[in-house]
Amino acid sequence: MKTFDYVITDPEGIHARPAGLLIKEAAKFKSTITLEKGGKKADAKRIFAVMALTAKKGETLHVTVEGEDEETAASAMETFLKNNL
């Protein structure tokens, strides 16, 4: 299992466009990718779950990646978040 934290820097937080891109990125991997914010958890492969987190600028996402390709998936998700959120 791999975990990391990411602080949202996008002024609008996670809204529809970046959420859709995040889902597509997560879907590339077999591993389970979970986002957590403020006690709420979301499957990173489900857009409504990600949107329900209502993550805003300055808030911290805790990301957990678990599965056969977790090393690659965690690295890719961290890069995606830094480049898009």
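Contact here means heavy atoms within 4.5 Å, and helices (H or I, at least four residues) and strands (E, at least two) are DSSP runs, numbered from the N terminus. What you're looking at is a predicted model, where local features need pLDDT of at least 70, side-chain atom pairs count only at pLDDT 80 or more, and totals for chains, interfaces and linings use all residues. Residues are numbered from 1 along each chain as its sequence is written, and side-chain values use heavy atoms, with hydrogens and water left out.

Let's take helix 1 (residues 16–26). Its buried residues (under 20% relative accessible area, 1.4 Å probe, protein chains only) are Pro-18, Ala-19, Leu-22, Ile-23, Glu-25 and Ala-26. These sit on the same side of helix 1 because they cover an arc of only 160° around the axis, going by the directions from the helix axis to the C-beta atoms. Flip to the other side of helix 1 and you'll find Arg-17 and Lys-24 exposed, meaning over 50%. So what do the buried residues of helix 1 pack against? Strand 2, helix 2 (47–52) and helix 3.

Now for the sheet. It's an open one of four strands, in the order 1-4-2-3, with antiparallel pairing; two strands pair if DSSP finds at least two bridges between them. Strand 1 (2–7) and strand 3 (40–43) are the edges, each pairing on one side only. Strand 2 (residues 32–37) runs antiparallel to strand 3 and is joined to it by four bridges, and Leu-35 stands opposite Ala-42 in strand 3.

Finally, helix 3 (residues 70–84) lies across strand 1, strand 2 and strand 4 (60–66), at about 0° to strand 1. Axes here are lines fitted to C-alpha atoms, for helices over the stretch in contact, and angles run from 0 to 180 degrees between N-to-C directions.
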